[in-house]
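Reader: Could you take me through this one, with the criterion behind each label?
Author: Gladly; here it is.

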Amino acid sequence: MNKFVTLTLLSSSVFAPAAFSAPAGTLSVHILNQQTGIPSKAVTVTLEKQNPAGWDMLAKGKTDNDGRIKSLYPDNQDMQPGVYKVTFKTGDYFKSEKLSSFFPEVPVLFTVTKMNEKLHIPLLLSQYGYSTYKGS
């Protein structure tokens with residue numbers, strides 16, 4: 001075997017595992033406080049996947065100063081098709097801002113149809129309402 005073939009084979013085997021895991025940024029979230037127009041920082045967000053008996057916890061994080069978690073899905077696993085739930089812990093956020101809120105948390109259920117599909121879930125938030133959609 002010549003050097004070129006050996007190097008090519010070694011390079012392929014080094015990078016193969018990355019092809020079988022979720023790329024960083026597969027699932028991102030963003031929260032904007034509609035009342036202030038300012039991103040909601042330090043909000044705890046959880047990610048779960050539905051199974052026949054209930055929900056499996058996959059990840060937990062806090063939004064950064066821009067109100068974002070750029071990569072919530074664990075990058076060492078494939079994001080398989082199925083039903084998932086992102087829960088924004090909004091009650092704790094408003095309490096930290098010394099404000100009351102009607103919603104202690106905002107659960108967003110969504111369906112993944114393709115493995116490692118890139119998804120973004122934005123949350124437009126106020127003390128007494130919210131909206132969300134499938135972003136990109």
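Reader: How much area does the protein chain expose, and how much of it do carbon and sulfur atoms supply?
Author: The protein chain exposes about 8,300 Å², and 59% of that comes from carbon and sulfur atoms. Accessible areas here follow the Shrake-Rupley method with a 1.4 Å probe, and for residues only the protein chains shown count as cover. This is a predicted model, where local features need pLDDT of at least 70 and side-chain atom pairs count only at pLDDT 80 or more, while totals for chains, interfaces and linings use all residues. Residues are numbered from 1 along each chain as its sequence is written, and side-chain values use heavy atoms, with hydrogens and water left out.

Reader: What share of the residues counts as buried?
Author: Of the 136 residues, 38% do. Buried means under 20% relative accessible area, exposed over 50%, and partly exposed in between (1.4 Å probe, protein chains only).

Reader: Why is Phe-102 called exposed?
Author: Its relative accessibility is 60%, and the label starts over 50%, so Phe-102 counts as exposed.

Reader: And what makes Phe-103 partly exposed?
Author: Phe-103 has a relative accessible area of 24%. Buried would need under 20% and exposed over 50%, so Phe-103 is partly exposed.

Reader: How many aromatic pairs are there?
Author: The structure holds five. Rings of Phe, Tyr and Trp (its six-membered ring) pair if their centres lie within 6.5 Å; planes under 30 degrees apart count as stacked, over 60 as edge-to-face and the rest as tilted.

Reader: Why is the pair of Phe-102 and Phe-103 called edge-to-face?
Author: The two centres are 5.0 Å apart, and pairing asks for within 6.5 Å. The planes stand at 85°, and edge-to-face begins over 60 degrees, so the name fits Phe-102 and Phe-103.
Phe-103 also pairs edge-to-face with Tyr-130, at 5.1 Å centre to centre and 80° between the planes. That pair links distant parts of the chain: Phe-103 is in the loop between helix H2 (90–96) and S7, and Tyr-130 is in strand S9 (residues 129–132), 27 residues apart. Elsewhere, ring pairs link Tyr-73, Tyr-84 and Phe-110 into a cluster.

Reader: How do you know which stretches are helices and strands?
Author: They are DSSP runs numbered from the N terminus: helices are H or I with at least four residues, strands E with at least two. By that rule the chain has two helices and nine strands.

Reader: What makes S6 and S7 a pair?
Author: Two strands pair if DSSP finds at least two bridges between them. Strand S6 (residues 82–88) and S7 have seven, in the antiparallel sense, so they qualify. Lys-85 stands opposite Leu-109 in S7. Likewise, strand S3 (residues 44–51) and S4 pair in the antiparallel sense over eight bridges, with Leu-47 opposite Ala-59 in S4.

Reader: Why are S4 and S7 at the edges?
Author: The open sheet of four strands runs S4-S3-S6-S7 with antiparallel pairing. Strand S4 (54–62) and S7 each have a single partner strand, so one side of each lacks a neighbour in the sheet.

Reader: Which residues form the covered face of S7?
Author: In S7 (residues 106–112), these are Val-106, Val-108, Phe-110 and Val-112; Pro-107, Leu-109 and Thr-111 form the uncovered one. In a regular strand the side chains alternate between the two faces of the sheet.
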